[in-house]
Amino acid sequence: MTGRTHDLAAITALGAVVLYQPVHTVSLATILVAVFANLVGGIAPDIDQPTAPFWRNLPIGGYFGRVFDTLLGGHRFLTHSILGVVVMGWLAKLLLIFLHPIMPSVDGNLVWLAFMIGMASHLVMDTFTKEGVPWLLPIPIKFGFPPLKSLRITTGKFVEVFVIFPGLVIVNVWLYYTHYRQVLDILHKHVA
Ligand SMILES: [Zn+2]
């Protein structure tokens, strides 16, 4: 999947989780940082891909991308597994603990959850592609859905661009339309 689709999937998953939870009061700073963390989480597993959007946006990203690619065992390897998600989640937790003194009004736990939701959505989305995902590493089997490879999606091609992406847009419209009152309630009463 492309970075664009991954980001949309991440924000869709985050919206779905938030709207099916009881309403909590959060700070605006928490919302902004959580959305950012969610988008980063949505593309984070692709740090093992030298051409990933994650690296393309850095000045010498191409070089670092290749180094990480080798270290992490190539594309769709460690960072695309439950083990990798646990490790990256742990690193994100450390980073948030480190950053807490400079952003005290941000709820680190919610930001962390948003990041993890983004990463989980990435693995789920990649599962629908031809390459599949090695969920259970170190067991080196790549899982895909549907199990028949020929029925799965090719990254950046017709089905992703004209079915999956617009489909996610529709899911968002439906989600916010059916929870419209709740969204207003959150915005009016629960953003501190
Ligand atoms: Zn990926």
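## Zinc site

Along the chain, the donors of the zinc ion follow the spacing D-x33-H-x41-H-x3-D. In this predicted model, the residues that coordinate the zinc ion are D46 (OD), H80 (NE2), H122 (NE2) and D126 (OD), at 2.0 to 2.2 Å. Among these donors, D46 and H122 form a pair that links distant parts of the chain, 76 residues apart, with D46 placed in the loop between α2 (28-43) and α3 (53-56) and H122 in helix α6 (residues 108-127).

The arrangement of the four donor atoms around the zinc ion is irregular because the angles they subtend run from 89 to 177 degrees, whereas a tetrahedral assignment would need all angles to lie between 85 and 135 degrees.

## Burial of two donors

D46 has a relative accessible area of 3% and is therefore buried, the cut-off for that term being under 20%. H122, at 0% relative accessibility, likewise counts as buried.

## Largest pocket

The largest pocket has a volume of about 730 Å³, and its lining is made up of 25 residues, of which L14, V18, V26, I31 and I186 lie nearest the centre of the pocket. Two or more residues of this lining are given by each of the elements α1 (3-19), α2, α6 and α8 (180-189), and α1 supplies the largest share, six residues.

In terms of residue character, the lining of the largest pocket divides into 21 nonpolar and four polar residues, with no charged residues. Helix α6, which holds the zinc donor H122, is also one of the elements that give two or more residues to the lining of this pocket.

Conventions. Residues numbered from 1 in each chain as written. Predicted model: local features only at pLDDT ≥ 70, side-chain atom pairs only at ≥ 80, totals over all residues. Heavy atoms only, no water. Donors = N, O, S within 2.8 Å, 3.2 Å for Na, K, Ca; no water. Tetrahedral: all angles 85-135°; square planar, octahedral: opposite > 155°, others 65-115°. Helix = DSSP H or I, 4+ residues; strand = E, 2+ residues; numbered from the N terminus. Buried < 20%, exposed > 50% of the residue type's maximum accessible area, 1.4 Å probe, protein only. 1 Å grid on protein atoms, 1.4 Å probe; cavity = no way out; pocket = protein on both sides within 12 Å on 5 of 7 lines; lining within 4 Å. Points joined across faces, edges and corners; volume = space filled by probe spheres on them. Nonpolar A, V, L, I, M, F, W, Y, C, P; charged D, E, K, R; others polar.
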